[in-house]
Each structure stands twice: as C-alpha cells, then as structure tokens.
Amino acid sequence: AHLDRIAAVDGEVRAFLHVDRDTTLAQAREVDRRRAAGEDLGPLAGVPIAHKDVFTTRDMPTTAGSKILEGWRPPYDSTVTARLRARGLVILGKTNMDEFAMGSSTENSAFGPSHNPWDLRRVPGGSSGGSSAAVAAYQAPLSTGTDTGGSIRQPAAVTGIVGMKPTYGGSSRYGVIAFASSLDTPGPFARNVLDAALLHEVFSGHDAMDSTSVDAPVPPVVEAARRADVNGLRVGVVKQFAGEGAEPGVAARFDEAVELLESLGAKVVEVSCPHFSYALSAYYLIAPSEASSNLARFDAMRYGLRVGDDGTRSAEEVMALTRAEGFGPEVKRRIMLGTYALSSGYYDAYYGKAQQVRTLVKRDFDTAFEQVDVLVSPTTPTTAFPIGERVDDPMAMYLADLYTIPANLTGNAAISVPCGLADGLPVGLQIMAPVLGDDRAYRVAAAVER
Ligand code: GLN
C-alpha cells in the first residue's frame, strides 16, 4: 500500500531519491519467512520505513544528496539500518536531503527540492526534508533522519509530525555519512509520539563501532510515551526563546501549548538561558570546521564521481576538478568557512572561541535542569517558507535553526511535537530534556499531543 501511495504522490512531493519495489517486496517476503519460522522480531516487524539518504544501505545507493556520491553503492549497512532490518522493518527507499545535511529546506539537494505535502509550493524543512515529507504525505509510517543543528526537529515541525533528536551518542553514527561528528545524531520521524518512541527504542543503544556511542541503557522511551502525563513536572519556558524572533502565529500556538501544560498539572516557570542567543553563531563555526575535515575524504579516488581522469592530469588536478563539479555551493561555502576557522592564526579567535561558547551553553542547560525537568520553546521561528524564498540568503536559511541548535551543541535530548496550525500550516513545540533524559521529552510530548 505504501509503495502504491509513493507511486501516486511522489511525482509531486519528491520525498524519495530511490525506490525499488522489487528489493522492498523481497525484504517483506523475507520478514514473513522469518516470522513463519518462529523468530520473535519485536513490535515493528513488517512495518515499512524510509531512510534519509545519509544512512548507508547495502542493497540501495546512498548519495547524501550529493552529485559527488552519485552511483556509489555502499558495501555495508549503517548500524541504524542494520538494527532495523534485524527487527524486521522493511525499507521503502531512500529520502531526499540537503547535500551532506547542510541546509534547512532540501533546496541544497543536488537532485532538486522536496515539497511540503501541506502546500506543495513550500519547503518540507531540512536537511531531513524527504523523510519528513514522506511521513507527512502518508508515503511511509516511519522514517529516519539525522539532526546536527535541527535537521530532524525543524522538518518535523513544519510538516506537522513528530521528530526526535536523541541524546548525542544514544544512537550510532556508524555508517552515517559524516557532516559534523561532534553534533550528528540519528533519530526517528513518526506521525505520533508513541510510534517515534517505538522506533527510537529499536535502533538505539551502545554500538562498539562508534567511539562516541554512549555505553548506557536506552532510556525507557516507550514506557514514557505510554505514560503521557505531566502531573507535577516542572516545565521551564526559555526566556530568550519565548516570543522573541518567532512570528505571531508561532508565538500564539506556543503560548497555548504552555497553557495546556499548566492545565494538565505541570508547574511552569520562566528560565533564563543567557547564552542560548550565541549558540547559532558558535554552531556556524564548529559545524563547518568539522565538515571541512570530514569532507576531505571525497578525493575522487575512493568514492563515486571522478572528473577529468583522462591520463593527462595529475591526481591533484583530478581531485580539484571532481570537487569543483561534485560539491554544490552550500557545501563549498562550509568547506571554506571551516578551513578558514581552523587555519593557524585564526583557530583561537574562531574555532577556540566557539568551543568556549559551547561550554557556556552547556552551563545554561545544567543550571536550568537544577530548577526544572524539561525546557520548552517553539521548534522554529516560522512555519514552512515558500520554495526559493531563502536560497539566496544563507543567513535567513540559518535562522531556521535558532531554537534547535543549543541542544546539539550540548548533546541534550530534544523532541518536536505538533501544537496546532498557524495560517493553515503546522507549528511545532520543542521539548528539551537532560542528557540521557530522552524519556522525559517523550513523556511530555505524549501528554500535549492532540
Ligand atoms: N540547518 C542546519 C545546517 O545547515 C542544520 C542541519 C542539520 O541539522 N543537519 O547546518
């Protein structure tokens, strides 16, 4: 049914980069066979899922939204896709994304933008916009994304679905094409909080293949989503993010969500996080710095595209030609920014300073969680914007992640849950929780979900 739905609507939504009916149906038959043989595959066996095209998959291509990886076939599965396969989830296909996950709209994809199912002239958010669009358009009941600065929560918010950034290290980065390794966090998309929790639980947990993987039990997220109450919980409204910067419709839905929390028995207090306002600036030094290093591996030799290798050119020339043609403008911008910020003479002033700001943001969270159990804010300052509106204005694009980035810098858990419409477009409520307090975010999200 989902393959049929994809065939019917993806010409317009363009959520998918790769769909292969035969491979999907073969996987489904294999799950049937394993079940018939008496294997206990758990609660999501047979459920179809779409994966962001940043997760390697051994039976499907993986492009990270870039021309530089066109035609590359990964020889192995990421931990996330492997674990989900092992538990009987069936892969519907690979979804569109901003190139190397750099962006907030999918307009930086080398393969053209995805469209928001609520209004096809608008963006579905990004960078995991194909995954959010697929779930919002009923092409898939579940999907995966990665969140480096907001790329799960922001697309979830603007397409009216649930998206969760787990605690950093709670989900494995093994086999996830790297953008900024100290920030990248795989997580789930679903149409309700319990579905997201079920998916979260299946792919999470320690992985020896990822050196930053947390060796701790998976927080009890499914139990928390089922519990769905906020009675007696202390909820902090981030002063710096309430109202300020958000458009009126978003601010109104946020205020109503806070009232709802109060009416459900939560104790709401205002909390000041004075350094959150600097998080965006620090992120745009740290993320490009790490990206400039990670993307050095695309050298025309190891993967995918190779340009100008006709026997007359040196390896260095082939590398330069390949990178010039294979990377899009936003990726080049980030490589230049990052190389500059890391260069000797500038390192302390830019990268070093940004890391200090990161520590201050962490202290804000620590102080806040001495007073409250969770923090709330709008997920994004605006609803879905029109395709094309921000492509020539990188600063406007970067602002889409104003509220989501603090939790990335510090590794905290954070979820986005729908909290109504503004001018007919979805608005998201962000709930931030302590490191390894993912269950708390689910508990509050499930309580306010309508
Ligand atoms: N929009 C942010 C960026 O462009 C975040 C992207 C992400 O989370 N992958 O870097």
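# Exercises on a three-domain chain

The centres of domain 1 and domain 3, taken over C-alpha atoms, are separated by 26 Å, with domain bounds that come from an automatic or database domain assignment. The model is a predicted one, in which local features need pLDDT of at least 70 and side-chain atom pairs count only at pLDDT 80 or more, while totals for chains, interfaces and linings use all residues. Residues are numbered from 1 along each chain as its sequence is written.

## Exercise 1

Describe how the chain is divided and how domain 1 meets domain 3.

*Solution.* Begin with the bounds: domain 1 covers 2-226, domain 2 is assembled from 229-278 + 354-414 + 429-448, and domain 3 covers 281-349. Next, take two residues to be in contact if their C-beta atoms, placed from the backbone, lie within 7 Å; 21 residues of domain 1 then contact 17 residues of domain 3. Finally, the side of domain 1 that touches domain 3 consists of 10 nonpolar, 8 polar and 3 charged residues, where Ala, Val, Leu, Ile, Met, Phe, Trp, Tyr, Cys and Pro count as nonpolar, Asp, Glu, Lys and Arg as charged, and the others, Gly among them, as polar.

## Exercise 2

Locate the residues under the UniProt annotation "active site" and characterise the surroundings of K52 and S127.

*Solution.* The annotation, from an unreviewed entry, covers K52, S127 and S151, and such annotations may be inferred rather than shown by experiment. These residues span 100 residues in sequence, yet no two of their C-alpha atoms are more than 10.9 Å apart, so they gather at one spot.

Turning to K52, its place is in strand 2 (residues 48-52), strands being DSSP runs (E, at least two residues) and helices DSSP runs (H or I, at least four), numbered from the N terminus. K52 counts as buried because it has 32 C-beta neighbours inside 10 Å, the threshold being 20 or more other C-beta atoms, placed from the backbone, within 10 Å of its own.

S127, by comparison, lies in the loop between strand 3 (90-95) and helix 4 (129-136), and S127 is buried with 34 C-beta neighbours inside 10 Å. Beyond residues up to four places away in sequence, S127 touches residues including M97, D98, A101 and S151.

## Exercise 3

Which residues are closest to the ligand, and how does its shell divide by residue class?

*Solution.* The ligand is surrounded by 13 residues, the closest being A101, S104, T148, G149 and S151, where the criterion is a C-beta atom, placed from the backbone, within 6 Å. By class, this shell has 4 nonpolar, 7 polar and 2 charged residues.

How values were computed:
Buried ≥ 20, exposed ≤ 12 C-beta atoms within 10 Å, placed from the backbone.
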